[in-house]
Amino acid sequence: MKKKLTARELELHAASAGPPQASVLPDCDGEAIAMLVRRGLQPEKTPIDVPFPKEFDENLADRLAGWLAHYAFRLFLRGAIQKSKGFRPEETTRYLTRDQARVYADALVGLGLAAKMSPRRYMLKWSARNFGGTLEWYVARELKRRFGFDVATGVKLHVGGVGGDLDIVAAAEGKLVYIELKSSPPRNLTASEIAGFCDRVNLLRPDLSLFVVDTALRLSDKVLPMLMEEFRRRGCGKTKPKRIAVQIWAMTPYVYAVNGRRDLIANIGKAIASGFLTLSPLEW
């Protein structure tokens, strides 16, 4: 059996060692990131993937956010981003009339984000991989503007076994909110994406978590059953969703499923309000 060092030997050994190597400190840019660091994580912000300049005039940003408040415009821009070589307005989505699509295409030109290549053809001036980054930008901006959150988007954690970025983390009132955003229709949602969301929730232990799907379709058809199945797989078999408002569901008192019907940001706000009230001390 190996002989244990005496207290004196332990002290001598420690005193003879050099100073610890300087660690690379994460950039605590804002309270949301700082709350991740306090959880023992090393968050890294990734470049935003949007079809407009990174340094965007504030007035134009306000105007773009105003357009993005319209569900139809989000559908249109999602389709336009997918057509990097140019598009006819009516080709972007089958859910808009020709006249609606033309109005939105001209709005992009007015914002300086698209150019008119011919009387019937347009092209975005900046490319993006998909609509996801734009949706993150819009939701994060509105969380800060409407509700006063400190917000970070596209955050990598570099933790083994937990993949994917954190779409949005937001901090207010000493509470951490994690939002997973899905910009594609529910039919494209996979079980692995649901599992990834749950893995990140388990790692972060945020005060509130929102699974947000930017769709007008019913979450109860596919999204809720998939969430419930994953919860059951993790031993939470008694979970029963509670409807908070139209297509806003509390999966637990601290995990919510939200869609984009009528007003995406208002829906997110209602879910956060419900969660914050649940977290607050009971008032008699």
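This is a short chat about the cores, pockets and salt bridges of a predicted model.

Trainee: Let's start inside. Which residues touch the most other members of the largest nonpolar core?
Mentor: Val139, Leu210 and Ile268. That core has 52 residues.

Trainee: Take Val139. What does valine 139 touch, leaving out residues up to four places away in sequence?
Mentor: Ile168, Leu181, Leu264, Ile265 and Ile268. Ile268 is also one of the residues that touch the most other core members.

Trainee: And what lies apart from that core?
Mentor: Another core, of 31 residues. Ala32, Val201, Leu219 and Val255 are among them.

Trainee: Pockets next. What volume does the largest pocket have?
Mentor: About 1,200 Å³. It is lined by 42 residues.

Trainee: Which of those are closest to the centre?
Mentor: Ile48, Glu136, Trp137, Thr153 and Gly154.

Trainee: Which elements give two or more residues to that lining?
Mentor: Three helices and two strands. The helices are helix 3 (58-68), helix 6 (132-147) and helix 7 (191-204). The strands are strand 4 (150-156) and strand 6 (175-182).

Trainee: Where does the largest share come from?
Mentor: Helix 6, with nine residues.

Trainee: How do the residues of that lining divide by class?
Mentor: There are 17 charged residues, 13 nonpolar and 12 polar.

Trainee: OK, the second largest pocket. What is its volume?
Mentor: About 430 Å³. Of its 21 lining residues, Leu75, Arg78, Tyr95, Pro185 and Arg187 are the closest to the centre.

Trainee: How many residues of each class line the second largest pocket?
Mentor: Nine polar, eight nonpolar and four charged.

Trainee: Switching to charges. How many salt bridges does the structure hold?
Mentor: There are 20. One of them joins the side chains of arginine 141 and aspartate 62, at 2.3 Å from N to O.

Trainee: Where do those two sit?
Mentor: Arginine 141 is in helix 6 and aspartate 62 in helix 3. They are 79 residues apart, so the pair links distant parts of the chain.

Trainee: Is arginine 141 buried or exposed?
Mentor: Buried, because its relative accessibility is 16% and the cut-off is under 20%. Aspartate 62 counts as partly exposed, at 42%.

Trainee: What about arginine 74, which residue is its salt-bridge partner?
Mentor: Aspartate 214, with the closest N and O atoms 2.8 Å apart. Arginine 74 lies in helix 4 (residues 71-82). Aspartate 214 is in the loop between strand 7 (208-213) and helix 8 (223-233). The two are 140 residues apart in sequence, so their salt bridge ties those parts together.

Trainee: Are arginine 74 and aspartate 214 buried or exposed?
Mentor: Buried. Arginine 74 has a relative accessible area of 1%, and aspartate 214 has a relative accessibility of 1%.

Trainee: Which salt bridge does aspartate 214 form with an arginine in helix 4, 136 residues apart?
Mentor: The one with arginine 78. Their side chains meet at 3.8 Å, N to O. Arginine 78 counts as buried, at 12%. Arg78 is also one of the residues closest to the centre of the second largest pocket.

Trainee: Last one. Which residues do salt bridges with shared partners join into one network?
Mentor: Glu180, Lys182, Glu193 and Arg200.

Terms used:
Residues numbered from 1 in each chain as written. Predicted model: local features only at pLDDT ≥ 70, side-chain atom pairs only at ≥ 80, totals over all residues. Heavy atoms only, no water. Core = buried A, V, L, I, M, F, W, Y, C linked by side-chain atoms within 4.5 Å. Buried < 20%, exposed > 50% of the residue type's maximum accessible area, 1.4 Å probe, protein only. Contact = heavy atoms within 4.5 Å. 1 Å grid on protein atoms, 1.4 Å probe; cavity = no way out; pocket = protein on both sides within 12 Å on 5 of 7 lines; lining within 4 Å. Points joined across faces, edges and corners; volume = space filled by probe spheres on them. Helix = DSSP H or I, 4+ residues; strand = E, 2+ residues; numbered from the N terminus. Nonpolar A, V, L, I, M, F, W, Y, C, P; charged D, E, K, R; others polar. Salt bridge = Lys/Arg side-chain N within 4 Å of Asp/Glu carboxyl O.
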